[in-house]
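The following exchange takes a set of structural labels and asks what justifies each one. Each answer sets a computed value against a cut-off and draws the conclusion.

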Amino acid sequence: MGRFSIPKLGILLLCCLAAVSEATYAKYKGPKQPVDVRIEDLMSRMTLAEKIGQMTQIERSVATPDVMKKECLSGRGSVPAIKATPETCIKMVNTIQKDSLSTRLQIPMIYGIDAVHGHNNVYKATIFPHNVGLGVTRDPQLIKKIGDATALKVRATGIFYVFAPCIAVCRDPRWGRCYESYSEDHKIVQLMTEIIPGLLGDIPGNSKKGVPFVSGK
């Protein structure tokens, strides 16, 4: 039986490790890979059920560990408990995220919440007048400050995405959500969009045009 020298054996082991690493390397997990390369690699690995799951928004109450492990879903919804504290919300979001990251492809979950005029799902959070009332102020800088205050409260509960603002121009009160419209005058609604930089932070002057700004607060 032939014998390998130690240097040759070491080289062989390195080659085997390199082959295994190459076989298990997922481009979509590489932060230095171009975005389109990461997307193409991830999509090629996904089953039909996983793709459907990524396009599905489920309510918090049904986001059980079993559901989150079977498919990668986006969540939003009701309060985790009566008089929910920030700690309760953080625990809920972290638990759902942990379940998402335990899936086969480890795709993180995006948790969104209705915080249109303050973080109203959290006990004792500051609630502001609804949009129909805020529009009456005609004060875009005040609206921006409200967005800033809302963002601070939302981030404090471990959530990074809100279903706001509503910039509908309601001209027919028969629509059941007219209270979410700042005004029937589109010019006033345009002024009130100052809430967006309030929520996200001001877009830097060197920010690439046409690309959503998500690097702020």
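**Labels and their grounds**

Q: What is the burial state of Cys170 and Cys178, buried or exposed?
A: Cys170 is buried, and Cys178 is buried as well. The model is a predicted one, and the label requires a relative accessible area under 20%.

Q: What makes Cys170 and Cys178 a disulfide?
A: Their sulfur atoms lie 1.7 Å apart, and the criterion asks for sulfur atoms within 2.5 Å; the pair therefore qualifies as a disulfide. The structure holds 1 disulfide.

Q: Why is Cys166 in no disulfide?
A: The nearest cysteine sulfur, that of Cys170, is 9.0 Å away. The cut-off is 2.5 Å, so Cys166 stays unpaired.

Q: Why is Cys166 called buried?
A: Its relative accessibility is 16%, and buried means under 20%, so the label applies. Cys89, at 2% relative accessibility, counts as buried by that cut-off.

Q: Why is the contact of Asp41 with Arg45 called a salt bridge?
A: The closest N and O atoms of the two residues are 3.0 Å apart. The rule accepts a side-chain nitrogen of Lys or Arg within 4 Å of a carboxyl oxygen of Asp or Glu, so the pair meets it. By this rule the count comes to 5 salt bridges.

Q: What separates Asp41 and Arg45 along helix α2?
A: About one helical turn lies between them, because they are 4 residues apart in helix α2, residues 35-45.

Q: Why do Asp41 and Arg45 receive unlike burial labels?
A: Asp41 has 13% relative accessibility, under the 20% limit, and therefore counts as buried. Arg45 has 32%, which falls between 20% and 50%, so Arg45 counts as partly exposed.

Q: How do you know that Glu50 and Arg104 meet in a salt bridge?
A: The N to O distance is 2.7 Å, and the limit is 4 Å, so the criterion is satisfied. Glu50 lies in helix α3 (residues 48-54) and Arg104 in the loop between α5 (86-101) and β3 (111-113), so the bridge ties together parts that are 54 residues apart in sequence. Glu50 has a relative accessible area of 8% and is therefore buried.

Q: What makes Lys144 and Asp202 a salt bridge, and which parts of the chain does the pair link?
A: The closest N and O atoms are 2.8 Å apart, within the 4 Å limit. The pair links distant parts of the chain, with Lys144 in helix α7 (residues 140-156) and Asp202 in the segment after α9 (195-200), 58 residues apart. Asp202 counts as exposed because its 51% relative accessibility is over 50%.

Q: How many aromatic pairs does the ring rule give?
A: The count comes to 1 aromatic pair. Tyr161 and Phe163 form this pair, with 5.1 Å centre to centre and 55 degrees between the planes.

Q: Why is the pair of Tyr161 and Phe163 called tilted?
A: The 55 degrees between the planes is neither under 30, as stacked requires, nor over 60, as edge-to-face requires; the pair is therefore tilted. Tyr161, at 39% relative accessibility, counts as partly exposed, and Phe163 is partly exposed with a relative accessible area of 24%.

Q: Which residues touch the most other members of the largest nonpolar core?
A: They are Ile96, Tyr111, Val162 and Tyr182, in a core of 25 residues. The largest share of this core, 4 residues, comes from α7.

Q: Why is this core said to lie between domain 1 and domain 2?
A: Domain 1 (27-113) and domain 2 (114-204) both give residues to the core, so the core lies between them.

Q: What makes Lys29 partly exposed, and where is Lys29 found?
A: Lys29 is found in the loop between α1 (6-24) and α2. Its relative accessibility is 43%, which lies between the 20% and 50% limits, so Lys29 counts as partly exposed. Leaving out residues up to four places away in sequence, Lys29 touches Arg38, Leu105 and Gln106.

Key. Residues are numbered from 1 along each chain as its sequence is written. This is a predicted model: local features need pLDDT of at least 70, side-chain atom pairs count only at pLDDT 80 or more; totals for chains, interfaces and linings use all residues. Side-chain values use heavy atoms; hydrogens and water are left out. Helices (H or I, at least four residues) and strands (E, at least two) are DSSP runs, numbered from the N terminus. Buried means under 20% relative accessible area, exposed over 50%, partly exposed in between (1.4 Å probe, protein chains only). Rings of Phe, Tyr and Trp (its six-membered ring) pair if their centres lie within 6.5 Å; planes under 30 degrees apart count as stacked, over 60 as edge-to-face and the rest as tilted. A nonpolar core is a set of buried Ala, Val, Leu, Ile, Met, Phe, Trp, Tyr and Cys residues joined through side-chain atoms within 4.5 Å. Domain bounds come from an automatic or database domain assignment. Contact means heavy atoms within 4.5 Å.
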